[in-house]
Amino acid sequence: MPVLRRRYGETVRLRLAGGRTAVQLSNPEHIRQMLAGSPTTFHPNRGNAVLLALLGENSLFLADEDEHVRLRRLLTPAFNGAALRGYGELITGLAVEEAERWPSAVPFSAHTRMQALTLEVMLRVVYGIADGPRLNELRSRLPELFDIGPLDLPGLQIPKLQRYWVWRRKAELHERVDELIRTETAERRSAPDLAGRTDVLSQLLRFSEEDDGGGLSDAELHDNLITMLVAGHETTATALAWALYELSHDPGQLALAQRAADENDQRYLEAVVKESLRLHPVIHEVGRVITEPVDLGGYRLPAGTLVMGSIGLVHADPSLFERPTVFRPSRFLDDNPPPTIWLPFGGGLRRCIGAAFSLTEGTIVLREVLRRWQLEPDGDRTERTRVRNLMLVPARGARISGVPRT
């Protein structure tokens, strides 16, 4: 993508497999127009069969127009300020348990450890599942379900293949996870302590009961719980892994972050998470399909065009971020970049409703880890990214080591 931008400019037309046309945008103003454009004109990329098969047809991520507005209205209260404050204690406890399990002076994959932790946060804080066989089974099955490699893609895109070989295994796994989540939802709906529970699922069930419009159906609840799991698990884990990796390679930045952790300086720790998401975007671009001809990026684009706003190119633009290849959290303090050029959670009416949850979780985890560990690198600072589950992750797992702080 950087090569295409250097060769052809800020707006590049791509011919995709299957005869589709896509247009890559890397000018922040053009991306802003796309994200803030009419929801009747700029639709989510429902043509992506992988996302549809993984998230379900009722996912907020894939909903259009009025349906998107309705789902967002019903889902947002579980992620407002008051709700986030209620999640903090549980996330802190899980972060402490994770940090205290780390081996001393033994290199390990920060990405693997953060995946395990953020999955636990999802199961406990979002799903509210207590200790027991169901929690244990989801812990073991979900990582396998969401580990989507190139061989899995045909089965997600062509359902008939799910009768055969490895694709049948993935389909059976999907069915079992669906069954576990639906059973948990049904039991929670009739739970005697529903009114006093603070997890996201319980709150959504209460909001649905109180909503005059009928609230969320079981199918909508299921698909959006899966969406939260996919969007909130891997993305936060990856951002935290890169943050720990970068801090391990920079003693000066590590010292600043440790002081922030000791003083509970949440603003600075949040800046560390934000800089990790800027330098290592988990999603490289955000896409919309236009339903009618529009003028964008200096061109008249026909209906049916897939328009892609390149988050990665914007975050790496030296005209927008001074020394963009350098990990420098302080750029998110006094001179906090505007939301039009910092785009890990998208923007406009479709900005991720879990953005504040992700930043809160990341801040808490960093605080508890950095209070306990002196981070050290494992190898040089040349780790690249690879694609996993449609996201960009550390190719070697962001390996680090640590010794207890004295």
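## Basis of the description

Axes are lines fitted to C-alpha atoms, for helices over the stretch in contact, and angles run from 0 to 180 degrees between N-to-C directions. Helices (H or I, at least four residues) and strands (E, at least two) are DSSP runs, numbered from the N terminus.

The model is predicted: local features need pLDDT of at least 70 and side-chain atom pairs count only at pLDDT 80 or more, while totals for chains, interfaces and linings use all residues. Residues are numbered from 1 along each chain as its sequence is written, and side-chain values use heavy atoms, with hydrogens and water left out.

## Packing of α5 against α15

Helix α5 (residues 81–99) and helix α15 (residues 355–372) have axes that come within 9 Å and cross at roughly 35 degrees. The crossing of α5 past α15 is right-handed; a crossing is called right-handed if the near helix is turned clockwise from the far one by less than a right angle, and left-handed if anticlockwise.

Contact means heavy atoms within 4.5 Å. On the α5 side the contact involves L84, Y87, G88, I91, T92, A95, V96 and A99, and on the α15 side A356, F357, T360, E361, I364, V365, R367, E368, V369 and R372. By class, these residues divide into 11 nonpolar, 3 polar and 4 charged. Here Ala, Val, Leu, Ile, Met, Phe, Trp, Tyr, Cys and Pro count as nonpolar, Asp, Glu, Lys and Arg as charged, and the others, Gly among them, as polar.

## Packing of α10 against α11

Helix α10 (residues 200–210) packs on helix α11 (residues 218–248) at an angle of about 145 degrees, and the two axes are 12 Å apart. This crossing, too, is right-handed. The residues in contact are V200, L201, L204 and L205 of α10, together with L221, L225 and M228 of α11. They comprise 7 nonpolar residues, with no polar and no charged ones.

## The five-stranded sheet

An open sheet is formed by 5 strands in the order β1-β2-β8-β5-β3, with mixed pairing. Two strands pair if DSSP finds at least two bridges between them. The edges are β1 (11–15) and β3 (42–44), each of which pairs on one side only. From one strand to the next, the twist averages 35 degrees.

At the β1 edge, β1 and strand β2 (residues 21–25) are antiparallel and share 5 bridges, with T21 in β2 as the bridge partner of R15. The two strands form a hairpin with 5 residues between them, and G18 in the turn has a positive phi of about 90 degrees. Strand β5 (residues 285–290) pairs with β3 in the antiparallel sense over 3 bridges; F42 has I290 as its bridge partner, and H43 stands opposite V289. Strand β8 (residues 306–310) is likewise antiparallel to β5, joined by 5 bridges, and V307 of β8 lies opposite R288.

## The three-stranded sheet and α11

A further open sheet has 3 strands in the order β4-β12-β9, with antiparallel pairing. Because β4 and β9 stand at the edges with a single partner strand each, one side of each is left without a neighbour in the sheet.

Strand β4 (residues 108–109) pairs with strand β12 (residues 399–404) over 2 bridges, and the bridge partner of F108 is I400. Strand β9 (residues 373–377) is joined to β12 by 5 bridges. In this pairing L375 stands opposite G402, while P377 stands opposite I400. Helix α11 lies across β9 and β12 and runs at about 80 degrees to β9.

## The second largest pocket

The second largest pocket holds about 620 Å³ of space. On a 1 Å grid over the protein atoms alone, a pocket is an open set of points with protein on both sides within 12 Å along at least five of seven lines, whereas a cavity is a set of points where a 1.4 Å probe fits but cannot get out; lining residues have an atom within 4 Å of a point. Grid points are joined across faces, edges and corners, and a volume is the space filled by probe spheres set on the points.

There are 23 lining residues, and the closest to the centre are L279, H280, P281, T325 and T385. At least two residues of the lining come from each of α11, α13 (266–279) and α14 (311–315). The lining divides into 10 nonpolar, 7 polar and 6 charged residues.
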